[in-house]
Structures are given as C-alpha cells and as structure tokens.
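Q: Can we go through this model? I'd like to start with burial and then move on to pockets.

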Amino acid sequence: MFSKLCLTVSCCLFAGSAAAVDRIVLDAFAIEVLEGIQLESFERNREFCGYLGLDPRGVLRATDARSTARDGCEIVPAPSDWTVLASYHSHGAFTLVANSELPSTYDIISDAAEGIFGNISPPGGRVWIVDGPKGPALV
C-alpha cells in the first residue's frame with residue numbers, strides 16, 4: 001500500500017529516548033509521512049496510522065500505514081529492534097458526526113501511555129502533536 005519512508009538521522013544525537021532526537025527532524029519527518037497518506041485517507045474516509053522510530057542503524061523510519069476503521073485505527077507494532085519515537089495517524093475526511101479536527105481524548109491518552117509523541121493530521125490541514133512524554137497537545 002504505502003512504501004516505508006526513511007531518513008538518516010546522522011546529525012542528531014540519540015541516547016535511547018525520544019527527547020534526544022532532534023524534534024525538528026522528527027516533526028518534519030512526521031509531516032512528510034502524513035502528507036503521503038492524507039489523500040487516500042480523504043478518498044476512503046478512513047484513518048491511517050503507524051509508528052515512527054529508529055532502526056538499529058539509527059535510520060528514522062515509518063511503519064507501513066494501516067487503515068482499520070473510519071473513526072479509529074489499530075497500529076501494527078513496529079519491528080522489535082526499532083526504538084519507537086512517535087505514532088502518526090490521519091483523521092479521514094471531514095464529518096459532522098465526529099469532531100475530526102481535534103485529537104480525541106483516546107489519541108492523547110494512548111500516546112501518553114506509551115510515552116511517545118503523537119502526530120495527527122485532521123482534514124483541515126493542521127498537524128497536532130501530542131507530547132506523550134509530557135502530556136499536552138500542540139498545534
């Protein structure tokens with residue numbers, strides 16, 4: 001469906017935690033991944049989701065995007081040798097039935113529970129970033 005994207009993070013220090021990776025690099029990569037899934041997410045009116053992480057060589061990668069429902073998404077685990085830094089997911093097409101422009105409580109709680117950043121792209125073109133290690137959601 002979607003090819004795996006990768007980016008070498010050779011200019012960034014990685015000390016085993018998401019906070020040690022340059023946030024500008026991680027955020028830019030997340031936006032690139034989300035831009036790649038947004039059109040199909042709109043067309044199919046489905047959420048797509050996955051993880052962003054570092055492989056054993058320090059390459060920033062995205063798992064293949066998966067779609068499981070119109071208003072939810074179950075992420076397939078990243079490979080066990082990756083260090084997962086963030087999740088990503090789209091919110092599908094706009095609908096009056098759900099508040100698709102904002103992260104849901106579940107979006108925020110699930111990223112916080114994993115202690116990772118969450119990147120959410122609603123139909124309006126924003127990217128919400130859930131600071132899972134700290135808790136708040138940023139736009």
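A: First the term: buried means under 20% relative accessible area, exposed over 50%, and partly exposed in between, with a 1.4 Å probe and protein chains only. This is a predicted model, in which local features need pLDDT of at least 70 and side-chain atom pairs count only at pLDDT 80 or more, while totals for chains, interfaces and linings use all residues. Residues are numbered from 1 along each chain as its sequence is written, and side-chain values use heavy atoms, with hydrogens and water left out.

Q: Val 59, buried or exposed?

A: Val 59 counts as buried because its relative accessible area is 9%. Val 59 lies in strand β3, residues 59-62; helices (H or I, at least four residues) and strands (E, at least two) are DSSP runs numbered from the N terminus.

Q: How far apart are Val 59 and Trp 82 in space?

A: 9.5 Å, C-alpha to C-alpha, with their positions 23 residues apart in sequence.

Q: And Leu 26, where is that?

A: Leu 26 sits in helix α1, residues 23-44. Leu 26 is buried, at 1% relative accessibility.

Q: What is Leu 26 in contact with, leaving aside neighbours within four places in sequence?

A: Val 21, Leu 52, Leu 60, Leu 85 and Phe 117, where contact means heavy atoms within 4.5 Å. For Leu 52, the C-alpha to C-alpha distance from Leu 26 is 8.4 Å, at 26 residues apart in sequence.

Q: Which residues have the most contacts inside the largest nonpolar core?

A: Leu 26, Leu 52, Leu 60 and Tyr 88, in a core of 19 residues. Two or more residues each come from α1, β2, β3 and β4, and α1 gives the most, seven. A nonpolar core is a set of buried Ala, Val, Leu, Ile, Met, Phe, Trp, Tyr and Cys residues joined through side-chain atoms within 4.5 Å.

Q: Switching to pockets. What volume does the largest one have?

A: About 510 Å³. On a 1 Å grid over the protein atoms alone, a pocket is an open set of points where a 1.4 Å probe fits, with protein on both sides within 12 Å along at least five of seven lines; lining residues have an atom within 4 Å of a point. Points are joined across faces, edges and corners, and the volume is the space filled by probe spheres set on them.

Q: Which residues lie nearest its centre?

A: Glu 47, Asp 71, Gly 72, His 89 and Asp 107, out of 25 lining the pocket. The largest share of the lining, five residues, comes from α2.
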